[in-house]
Amino acid sequence: MDGALLTHVLATQGVTRVDVNGQHPGARGFYEHHGFCPVGRDETDDAGRPYPVVHLALEA
């Protein structure tokens, strides 16, 4: 996803939170670069598998 697509999604879909794989620092960095901040972390994914998930939200 590039910055233009993210800007479009933010403007048209009202997205304020995203979850990223905690083992993918590039994904986290991308969203932080665009104003998202970490607000939580789970050590397993929604299916209970050992994949850490970082929760990010737009800065107010």
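Guide: A residue counts as buried when its relative accessible area is under 20%, and as exposed when that area is over 50%. With that in hand, welcome to this predicted model!

Visitor: Thanks! What makes strand 3 largely enclosed by the rest of the structure?

Guide: Strand 3 covers residues 53–58, and five of its six residues are buried, so the rest of the structure largely encloses this strand.

Visitor: How do you know how far to trust that part of the prediction, and where is confidence highest and lowest?

Guide: Strand 3 has the highest confidence in the protein chain, with a mean of 98, while helix 1 (residues 3–13) has the lowest, at 91. Over the protein chain the average pLDDT is 93, and 97% of the residues score at least 70.

Visitor: Which elements does the protein chain contain, and in what order do they run?

Guide: Two helices and three strands are present, and reading from the N terminus they follow the pattern α-β-α-β-β.

Visitor: What makes strand 1 and strand 3 a pair?

Guide: Two strands pair when there are at least two bridges between them. Strand 1 (residues 17–21) and strand 3 share five bridges in the antiparallel sense, so by that cut-off they are a pair. You can follow the register residue by residue: Arg 17 faces Ala 57, Val 18 stands opposite Leu 56, and Asn 21 has Val 53 as its bridge partner.

Visitor: And how many bridges join strand 2 to strand 3?

Guide: Strand 2 (residues 36–42) is joined to strand 3 by six bridges, again running antiparallel. One of the partners to look for is Gly 40, which is bridged to His 55 in strand 3.

Visitor: Why are strand 1 and strand 2 said to stand at the edges?

Guide: The three strands make an open antiparallel sheet in the order 1-3-2. Strand 1 and strand 2 each have a single partner strand, so each has one side without a neighbour in the sheet. On average, neighbouring strands here are turned by 30 degrees against each other, direction ignored.

Visitor: Which residues of strand 1 are on the covered face and which on the uncovered one?

Guide: Val 18 and Val 20 make up the covered face, whereas Arg 17, Asp 19 and Asn 21 make up the uncovered one. Setting aside neighbours within four places in sequence, Val 20 has contacts with Ala 27, Arg 28, Tyr 31, Pro 52, Val 53, Val 54 and Leu 56.

Visitor: Which residues belong to the largest nonpolar core?

Guide: That core has eight residues: Leu 6, Val 18, Val 20, Ala 27, Tyr 31, Phe 36, Val 54 and Leu 56. At least two of them come from each of strand 1, helix 2 (25–33) and strand 3.

Visitor: How do you know whether Tyr 31 is buried or exposed?

Guide: The relative accessible area of Tyr 31 is 14%, and the cut-off for buried is under 20%, so Tyr 31 is buried. Phe 36 passes the same test, because its relative accessibility is 2%.

Visitor: Why is the pair of Phe 30 and Tyr 31 called edge-to-face?

Guide: There are two aromatic pairs in the structure. For Phe 30 and Tyr 31, the ring centres lie 5.1 Å apart and the planes meet at 85 degrees. Pairing needs centres within 6.5 Å, and planes over 60 degrees apart count as edge-to-face, so this pair earns the name. Tyr 31 and Phe 36 are also edge-to-face, with 5.5 Å centre to centre and 85 degrees between the planes. Together the ring pairs link Phe 30, Tyr 31 and Phe 36 into a cluster.

Visitor: What makes Glu 43 exposed?

Guide: Its relative accessible area is 52%, and exposed begins over 50%, so Glu 43 is exposed. Glu 43 sits in the loop between strand 2 and strand 3. Neighbours within four places aside, Glu 43 is in contact with Arg 49, Pro 50, Tyr 51 and Pro 52.

Visitor: How many residues separate Glu 43 and Ala 4 in sequence, and what is the C-alpha to C-alpha distance?

Guide: Glu 43 and Ala 4 are 39 residues apart in sequence and 31 Å apart in space, C-alpha to C-alpha. For scale, the C-alpha atoms of the protein chain fill a box of roughly 35 × 20 × 20 Å along the principal axes.

Key. Residues are numbered from 1 along each chain as its sequence is written. This is a predicted model: local features need pLDDT of at least 70, side-chain atom pairs count only at pLDDT 80 or more; totals for chains, interfaces and linings use all residues. Side-chain values use heavy atoms; hydrogens and water are left out. Buried means under 20% relative accessible area, exposed over 50%, partly exposed in between (1.4 Å probe, protein chains only). Helices (H or I, at least four residues) and strands (E, at least two) are DSSP runs, numbered from the N terminus. Rings of Phe, Tyr and Trp (its six-membered ring) pair if their centres lie within 6.5 Å; planes under 30 degrees apart count as stacked, over 60 as edge-to-face and the rest as tilted. pLDDT is the predictor's confidence in each residue, from 0 to 100. A nonpolar core is a set of buried Ala, Val, Leu, Ile, Met, Phe, Trp, Tyr and Cys residues joined through side-chain atoms within 4.5 Å. Contact means heavy atoms within 4.5 Å. Axes are lines fitted to C-alpha atoms, for helices over the stretch in contact, and angles run from 0 to 180 degrees between N-to-C directions.
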